[in-house]
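Subject: Handover of a structure and the findings on it

Dear colleague,

Please find below the sequence and structure that I am handing over to you. My account of what was found follows directly after.

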Protein chains: 2
Amino acid sequence: MIGKLALPAIRELIGSGDDKTLGEVVNRWHPADVAELARHLDRREQNHVLRLLEPARAAPAFAYLDLDIQRRLLQSLPESETASIIGAMSADDRTTLLAKLPQSQSERLLDLLSVEERVIARSLLEHAPGTVGRLMSPDYVDVRREWTIAHVLDHVREHGQDSETLNVIYVVDEQNILIDDLRIREVLLAPLGARVADIVDDRFVSLKTTDDRKTAVEIFRKYDRVALPVVDAQGRLAGIVTLDDVLDVADRVATEEIQKFGGLEALDLAYMNTPLTVMVRKRASWLVILFVGEMLTATAMGFFEGSIARAVVLALFVPLIISSGGNAGSQAATLIIRALALGEARPRDWWLVLRREFASGLMLGLILGSIGFLRIALWSAVSTMYGPHWILVALSVSISITCVVVWGGITGAMLPFLLRSLGFDPATSSAPFVATLVDVTGLVIYFSISLFLLQGTLL
Amino acid sequence: MIGKLALPAIRELIGSGDDKTLGEVVNRWHPADVAELARHLDRREQNHVLRLLEPARAAPAFAYLDLDIQRRLLQSLPESETASIIGAMSADDRTTLLAKLPQSQSERLLDLLSVEERVIARSLLEHAPGTVGRLMSPDYVDVRREWTIAHVLDHVREHGQDSETLNVIYVVDEQNILIDDLRIREVLLAPLGARVADIVDDRFVSLKTTDDRKTAVEIFRKYDRVALPVVDAQGRLAGIVTLDDVLDVADRVATEEIQKFGGLEALDLAYMNTPLTVMVRKRASWLVILFVGEMLTATAMGFFEGSIARAVVLALFVPLIISSGGNAGSQAATLIIRALALGEARPRDWWLVLRREFASGLMLGLILGSIGFLRIALWSAVSTMYGPHWILVALSVSISITCVVVWGGITGAMLPFLLRSLGFDPATSSAPFVATLVDVTGLVIYFSISLFLLQGTLL
């Protein structure tokens, strides 16, 4: 908030050239606020402000910026400035940035790092995208079993400066095998003369470098930790992941889920920053697939063209009936996708879900079917719109609605399970996807029921 | 995972009556694992296991359980057991539980608390639901400016036992006015002889007791903190909120957003635990509203009944055209709802969004329109299905598709802005809601274009 509120005053300072005051102001701010300010400045102003920050403040502020601003700044800042920012960034933020840049640019940045930092950065980039290895930071404090608490506190005071967190410290043996993680509270509450071995309980929760980042979110969610250790295949401590990174991941995972459910490929950037052509591409693929699928409705209706010609009244209810099925399906799909994502429902629960959805679909279908029947009955009482056989029309429509709602609910609920068992993301069963499936089958259900009931009268 | 894997072995232990071994096993586990085990046990087994836990372990395990299991256990456990669990729960977990119980039951539980705990619990419950006051814990460590670091560490060692976190400690004055929050790293890295005043920078980020819990998620997201202080209207420290609670809130907020977008009221419980009648009620309200809205399609088509009777071929494309608009609208609504929720787009960006959506809608519409034109042209090359005037039919359909896709995208994108400016949650603009709006208007667009193009030939 501060970044935005202060915008006019900051602009004035930039304009007046009073760099001393401006520098004092922005160096007092929280890096997140500096980043928010930068988001509202133009490129020249961003460079100006960033150059006034002390290196220790510029790097965190830079890490808070959106990727596209970071990229732009990296191209326009002088090399010395870039080197000091990249060098001062925390290792995990740096991995995230480097991974998103084109190869040539990330190589150029790697060359600006010190030899040690470069080795670390390269080794972190070797982990597959989307794994915990890509999220972790190698900056932590590790201690030994035999140390006293006083020794631990001294060690932290001397070597803790660069650690990503001091909320948790790690106990390892000579081979760097992880023995335990100690929350700082355990250390702070223990007598100074006690040994680490006295408070170690050899029980710890850890992540593997190869774990999926979604797994990390689930484990943080389950165990309420602020940081978790990451071990390699041999059980050696490789790094740590902190909860704030995981909150970002959880947001990103939810965004992807929501965007997929809306019927488009997940965007990599924020909506406002996604170029128009990229957005059209991400949306066109699904839209075309759905469109081609939906063409089957024209084919299905073609089969019943003769019936429609004889009883045009049937055509009037097509949108109402198929949309009811689509809406019921969209509700069911939402519930199941989210329940699967949060682990509230498991793949083997499908039979239970099927029964629940059949029962609730039947109730919902009967409610909508009755409303539909009443609607046609009421209209027929005051007009001849639906002809002398209105009661048969009303029956066809309301029975179809009931069946289509049940069918929509079941389709919407089972599709996520089916997709998951085929190895796809259940969230791919988007609202539009379910609606398309239900539209085609819903038409066949509707016209079949109508043919059966209206044969000999209207048809 | 451990809870589920060990299930057969645990069942065997319960069956054999070997409570000593069973007690040793479950007391060694992490409370989250005990809770996961309990989720897979029946009620009798749950009581059995919970009774074997030491009180210090039972309370956290209990806090991890789902609300419906908690409620069931509270009814079946003996009073002494209930009192010890409720007494040992952390204040914020307890508030969450008490707030969800019926008044009579929560009063009964409050009576089981010690006088001090009861006063705290009642004061926390006085905060409005959904506010930060309901999330916060009053258990923290506070220190004074003039203390030395050594004094602070001694104070923490003596009084930190019950603190919700020791990752952050708080500096207050004699009136309990918050002066600063110190991350434990600042304390650990400072020389023992330094004073608190030396490391205090008088800059802190805090929440207000009356803040919305969504605000808390946003502020944690922005500043990457593990705990934030909560102050009352006078700036006095009232409690703290920790990031793990906020991760839960962020999950819940995302779930609500997703469920609303799927076109139903957000559920309070997990899908599998929601009673069927509650679920039907939560789904029926929206389904009925949408159904009544969708009835307008029958009315709209009624207006064009004469045209349909003359050119039945027009009816065949109704589902294809209206669903294209619905799909485009669903994509746009998803993007905007999420962008608004994450603060990536702000209300005043609506004009920018409108222009973007017009441009991308036009491109997407032209793509789909062309495919539609090709489809009718191809079919007409091999059949007489679409009659001698197929080229006019193809034109009507493809122009309508283009217009409806543009219209759908704009409707889907603007509806969240409109809802927000009216004070509603933008997520209420669900995929089915947008589809219903676009269905009715899409039909009018389609038949108007067809009437215009086909007048004198088919119509």
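Two strands are taken to pair if DSSP finds at least two bridges between them. With that in mind, one residue pair can be placed: Val172(B) has Leu178(B), in strand 3 of chain B, as its bridge partner. Please note that this is a predicted model, and that what follows was computed from it.

**The strands of chain B**

Strand 2 and strand 3 of chain B are joined by 5 bridges and pair in the antiparallel sense. Together they form a hairpin, with 5 residues between the two strands. In the turn, Asn176(B) has a positive phi of about 70 degrees. How many of the 6 residues of strand 3 of chain B are buried? The count is 5, so strand 3 (residues 178–183) is largely enclosed by the rest of the structure.

Ahead of strand 2 in chain B there is a loop, which begins after helix 13 (149–159) and leads to strand 2 (168–172); Asp162(B) lies in this loop. Is Asp162(B) buried or exposed? A residue counts as exposed if 12 or fewer other C-beta atoms lie within 10 Å of its own. Asp162(B) has 12 such neighbours and is therefore exposed. Between Asp162(B) and Thr274(B) there are 35 Å in space, C-alpha to C-alpha, and the two are 112 residues apart in sequence.

**The sheet of chain A**

Chain A contains 24 helices and 6 strands. In chain A, 3 strands form an open sheet in the order 1-2-3, with mixed pairing. Strand 1 (142–143) and strand 3 (178–183) of chain A stand at the edges, and each has a single partner strand, so one side of each is left without a neighbour in the sheet. Strand 2 (residues 168–172) of chain A runs antiparallel to strand 3 of chain A and is joined to it by 5 bridges. Within strand 3 of chain A, Asp180(A) is the residue that stands opposite Val171(A).

**Overall form of chain A**

The C-alpha trace of chain A spans about 95 × 60 × 40 Å along its principal axes. The radius of gyration of chain A is 31 Å, whereas a compact globule of 459 residues would have one near 23 Å. Of the 459 residues in chain A, 45% are buried. Among the contacts in chain A with a separation of 6 or more, 72% are between residues 24 or more positions apart.

**How the two chains meet**

A turn of 180 degrees, with a shift of 0.0 Å along the axis, lays chain B on chain A with an RMSD of 0.1 Å. That is the relation of a two-fold axis. In chain B, Asn167(B) has the C-alpha nearest the axis, at 2.7 Å from it.

The contact between the chains involves 96 residues of chain B and 96 residues of chain A. Which helix of chain B gives the most to the side that touches chain A? It is helix 21 (residues 318–341), with 16 residues. By class, that side of chain B has 59 nonpolar, 19 polar and 18 charged residues. Of the interface residues of chain B, 100% are also interface residues in chain A, so the copies meet through the same surface.

**The nonpolar core and two helices**

The largest nonpolar core has 211 residues, and those that touch the most other members are Val241(A), Ile336(A), Val241(B) and Ile336(B). Leaving aside residues up to four places away in sequence, Ile336(A) touches Ala345(A), Val353(A), Ala413(A) and Pro416(A).

Helix 6 (residues 55–64) of chain B is mostly covered, with 7 of its 10 residues buried. Among them are Phe62(B) and Tyr64(B). What covers the buried residues of helix 6 includes helix 4 (31–39), helix 5 (43–52), helix 7 (67–76), helix 8 (79–88) and helix 9 (91–100) of chain B.

In chain A, helix 5 (residues 43–52) holds Arg43(A). Arg43(A) has 13 other C-beta atoms within 10 Å and is partly exposed. Not counting residues up to four places away in sequence, Arg43(A) touches Arg72(A) and Ser76(A). The C-alpha atoms of Arg43(A) and Ser76(A) are separated by 8.6 Å, although the two are 33 residues apart along the chain.

With kind regards

Terms used:
Residues are numbered from 1 along each chain as its sequence is written. Chains are lettered from A and ligands numbered from 1 in the order in which they are written. This is a predicted model: local features need pLDDT of at least 70, side-chain atom pairs count only at pLDDT 80 or more; totals for chains, interfaces and linings use all residues. Copies are superposed by least squares on the C-alpha atoms of residues with pLDDT of at least 70 in both. Two residues are in contact if their C-beta atoms, placed from the backbone, lie within 7 Å. Helices (H or I, at least four residues) and strands (E, at least two) are DSSP runs, numbered from the N terminus. Ala, Val, Leu, Ile, Met, Phe, Trp, Tyr, Cys and Pro count as nonpolar, Asp, Glu, Lys and Arg as charged, and the others, Gly among them, as polar. The radius of gyration is taken over C-alpha atoms; the globule rule is 2.2 Å times the number of residues to the power 0.38. A residue is buried if 20 or more other C-beta atoms lie within 10 Å of its own, exposed if 12 or fewer, and partly exposed in between; C-beta atoms are placed from the backbone. A nonpolar core is a set of buried Ala, Val, Leu, Ile, Met, Phe, Trp, Tyr and Cys residues joined through C-beta atoms within 7 Å.
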